[in-house]
Structures are given as structure tokens and as C-alpha cells.
Amino acid sequence: GFQTNVDRIRTNRPRWLERGDQNKWDDVLTFKPRPPRERTASPEEKPPWWRLGDKFEELLENPGYIMDLLETQPDPEEQRYEMRRVLWENFDLLDIVYAYYKADMNENWHVDKPIPGMVKHTGDEELGEEPMVLESFWRILKECKIVYGDVKSKMPIAVFDRVHVQGQKHRASMEADDPAYDVSLTDPHYRKTQVAFYSFVETVSRISYMRCQGTLSARLDALLKDYIRPHAMKKQTDRFYLDFRSEPVQSVIREPTMETMLRKIFEYFIQNYKANKPRTNIVGAHDFTMNLNHALAMLEKMEMFDPSYNTKKSVECYSKITHDSDLLPQEHPNNQNSEMVFHEFLEFIMRTARLKSANPKEPTAEVLKAFLNSEFILKARRIIPGKL
């Protein structure tokens, strides 16, 4: 018999199992040094984000440019502290994203790789940096999937334009340059509107409050981690989008006389639509946006539909540009909440010209020029009274 169960187990143990080399000292009490522990900060010591540079503090202090957002929080002081932490942790990300889109780059770029010649914003740097423009900011909103439209809600770029131009920092900067500045007298969707870095930070903070859930600092952290960091600075390959960005196409639509005529057409079909819904979110008299009903009515009155370009294709084109998925391929009250700014309208025209073209190999600039001069402008002149 076996003296113990252990002896029995040993006899039945498979012989092919390898046993590790044993150290005879393992069972001897020996001194094994533990890894050094980091010393916890004393109450008198402050973290590196306890106070940021002066320009960042202008946003956060009381009074500050985002004080209205902080006052909505249960504990404004705690949220001010947490906002400092989130901004401090994302200094590099904000600098790199701002520099990338300001330079209008279009290539895959790692979020932790600095842009050559970029400015490091600490809040204490010297002024004099060339600011980003609104047209570049739109790229961030679209490429990072911040712009969207679905059954529950719609957040086109027009909404974020209004957030920016009504931002406290932007208005203070504009009033410092021109004491007579009045935001209600400006076009909030003008593509060359300046977006200075600290106005950009304020606008991103306000967008996070609209787009995410939780406390103010948690919303900003979520916007940066879930939207901007994973999606920003990726190379865009959509052919229509790249055609629209190209210099030949821009020279056609930005020619002063042509752009003026297109602007008149844009505003005419917005103002003369038979079932316009009263709008309460506009900034002023120059805040024009075209919804899908306006676009469909324009295309129908101008007899633009044909076998190569029908209502379905026009709605797909509108949806592709505005990132709005909740659209009906007919004039309908639900389409009233969609919005397209003038810059997007120009892209809509270019895509329409490209889709109606019989020769896919012809350069887009030539297709667009022929479409505008021989069809679009001529048909608009028959409808719009007076000189176009």
C-alpha cells in the first residue's frame, strides 16, 4: 500500500512531464528587495495642470470665456480643475491637429507626430501665428464624424459655424480689432472666417457639450478620445472630394463674377421656397442655409433631372456632402431640418455636373465650366427675375 496519497499521485504521474529546475534556496528565507514605490504627492504639492498658461486661463477663470458652460455643472470649481487636466493631457493633440488642418494637408499622419514648424501652445507663447480658417475647421468636423444627421437629431456644419462665431473668445477678438463689430451683420458660414487657436479650443469645448454626455470635462475628454484622436489626419481618397479641392475646379467656381451669380441663385431658391419653416437658430440676416427641399425645388424648376441624374441621385449627393442620412427623396417637412451652407452648395453643383457628364474621362474643371455656362446659369436666368 501507499503511505500517503501524495505517494500514490507520484506513482501515477506521467513520466514525460518535464519538471522545472528547482533552486535549493527557494525555501530559504532570503531578502528580496521590492521595487521602489512612487511617493504620493503631499497635500501641499500641486499637479502640473493646477494652473495653465494665461491664454488657457482666460477660457477657464471666473469670469472666463466658457464660464457659462462651467456654471451648468453641479460643482463648477471641480470642473474647472478637471478641464485644466483634460486640456493639459491633450496639449500635443490639439497642437498637431490644429497645425495639420491649418496647413490643409491630406496624408496619413500619426496623432503623436509633430507637424514641422508647428507652434506649441502653452498659453504663454507670443502672438503672431497665422490662424486657421473656417473652411479648414469644417474638415475636422466632417473627417472626425462630429457632423451627422439621423432620425433623432441633426448637427450639420452650419450648427457648429454658429457656435464658433458666437463664441466669447472669437467675438472678443473681433471687437478688439473693430469696436463696431456686430455678429448679426456677418455671414456665419463665410469660409475665410478666422479660427484662432484659443477660439478653436473654446469652440471644441462647446461642441463637446452638445455632442457628448456627462460632465463638461468628461464630454471634452470623450470628444478628443473618441472622435478626434481616432479619425483625424487620415488621407481622403474620395474622387469627387479631391476634384472639388483641386485648383482648376476652385478657379472656376471662385471666379468673382461666377461666384456672385451662384450666390444669388443659392439665396433666391432659399428665400422663395413656398413652404419655408420659421427659423429660430439663425445668427442674423445673412445666415443662409439650403435644406433638401430647397435643392429639389431648384433642380425641378430648372429642369435639371434627366435619365442620368434623377431625384435619388440628387439626394445621395446631398447626403454625401452634408453627412445627413435621414433624408426623403421628395419635398417633405422632414427635410426642413437639413442644412447646406454655400460652400457645400458649390460642391453639390460640381458633383451634379460630374454625374450628368457623358464623358467620365474629361477633366472635372472642364465639365463644371461647360455645365455652368451652357446649362445651369442659362436655366437660372429664365427663373430669377432681373439681371443675374
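What volume does the second largest pocket have? The second largest pocket has a volume of about 510 Å³. Keep in mind throughout that this is a predicted model.

1. **The second largest pocket.** Its lining is made of 22 residues. Those closest to its centre are Leu 127, Lys 169, Ser 173, Ala 196 and Phe 197. Three elements give two or more residues to this lining: helix H2 (54-60), helix H8 (168-177) and helix H9 (197-211). H8 provides the largest share, six residues. Sorted by class, the lining of the second largest pocket holds nine nonpolar, six polar and seven charged residues.

2. **The largest pocket.** This one contains about 830 Å³ of space. It is lined by 31 residues. Nearest its centre lie Arg 139, Glu 143, Tyr 241, Arg 245 and Glu 347. By class, the lining of the largest pocket counts 17 charged residues, eight polar and six nonpolar.

3. **Who builds the largest pocket.** Five helices each supply at least two lining residues: H6, H11 (239-245), H12 (247-253), H15 (311-322) and H16 (342-356). H6 gives the most, with six residues. Find H6 in the model at residues 134-143.

4. **Glu 143, a residue to look at.** Glu 143 lies in helix H6. It is also among the residues nearest the centre of the largest pocket. Is Glu 143 buried or exposed? Glu 143 counts as buried because its relative accessible area is 11%, under the 20% cut-off.

5. **What surrounds Glu 143.** Beyond residues up to four places away in sequence, Glu 143 touches Tyr 101, His 231, Lys 234, Gln 236 and Tyr 241. One of these, Tyr 101, is joined to Glu 143 by a side-chain polar contact of 2.8 Å. Another is His 231. Glu 143 and His 231 are 88 residues apart along the chain, yet their C-alpha atoms are separated by 6.5 Å. Tyr 241 appears here as a contact of Glu 143, and Tyr 241 is also listed among the residues nearest the centre of the largest pocket.

6. **Helix H5.** Tyr 101, the polar partner of Glu 143, is one of the buried residues of H5. Helix H5 covers residues 91-102, twelve in number. From first C-alpha to last, H5 reaches 16 Å, close to the 16 Å expected at 1.5 Å a residue. How many of the twelve residues of H5 are buried? Ten are, so H5 is largely enclosed by the rest of the structure. The buried residues include Phe 91, Leu 93, Leu 94, Asp 95 and Ile 96. After H5 comes Asp 104, with a positive phi near 55 degrees.

7. **Helix H4.** Helix H4 runs over residues 76-89 and has 14 residues. Its reach from first C-alpha to last is 20 Å, close to the 20 Å expected at 1.5 Å a residue. The buried residues of H4 are Gln 79, Arg 80, Glu 82, Met 83, Arg 84, Val 86 and Leu 87. What covers these buried residues? The cover includes H2, helix H3 (67-70), H5, H9 and H10.

8. **Arg 229 in helix H10.** H10 spans residues 216-231, and Arg 229 is found there. Arg 229 has 29% relative accessibility, so it counts as partly exposed. Leaving aside neighbours within four places in sequence, Arg 229 is in contact with Asn 90, Leu 93, Val 111, Asp 112 and Leu 224. One of these contacts, Leu 93, is a buried residue of H5. Leu 94 is 135 residues from Arg 229 along the chain, and their C-alpha atoms are separated by 9.6 Å.

9. **His 294 in helix H14.** H14 covers residues 292-301, and His 294 is placed in it. His 294 is buried, because its relative accessible area is 3%. Not counting residues up to four places away in sequence, His 294 touches Phe 269, Ile 270, Tyr 273, Asn 276 and Thr 289. The side chains of His 294 and Asn 276 are joined by a polar contact of 2.6 Å.

10. **Arg 263 in helix H13.** Arg 263 belongs to helix H13, residues 256-271. Its side chain makes a polar contact of 2.8 Å with that of Glu 267. Setting aside neighbours within four places in sequence, Arg 263 is in contact with Asp 187, His 286, Phe 288 and Phe 342.

Note on methods. Residues are numbered from 1 along each chain as its sequence is written. This is a predicted model: local features need pLDDT of at least 70, side-chain atom pairs count only at pLDDT 80 or more; totals for chains, interfaces and linings use all residues. Side-chain values use heavy atoms; hydrogens and water are left out. Helices (H or I, at least four residues) and strands (E, at least two) are DSSP runs, numbered from the N terminus. Buried means under 20% relative accessible area, exposed over 50%, partly exposed in between (1.4 Å probe, protein chains only). Contact means heavy atoms within 4.5 Å. A polar contact is a pair of N or O atoms within 3.5 Å; within protein, one must be able to donate a hydrogen and the other to accept it, and residues adjacent in sequence count only if both atoms are side-chain atoms. On a 1 Å grid over the protein atoms alone, a cavity is a set of points where a 1.4 Å probe fits but cannot get out, and a pocket is an open set with protein on both sides within 12 Å along at least five of seven lines; lining residues have an atom within 4 Å of a point. Grid points are joined across faces, edges and corners, and a volume is the space filled by probe spheres set on the points. Ala, Val, Leu, Ile, Met, Phe, Trp, Tyr, Cys and Pro count as nonpolar, Asp, Glu, Lys and Arg as charged, and the others, Gly among them, as polar. The expected span of a helix is 1.5 Å times one less than its number of residues.
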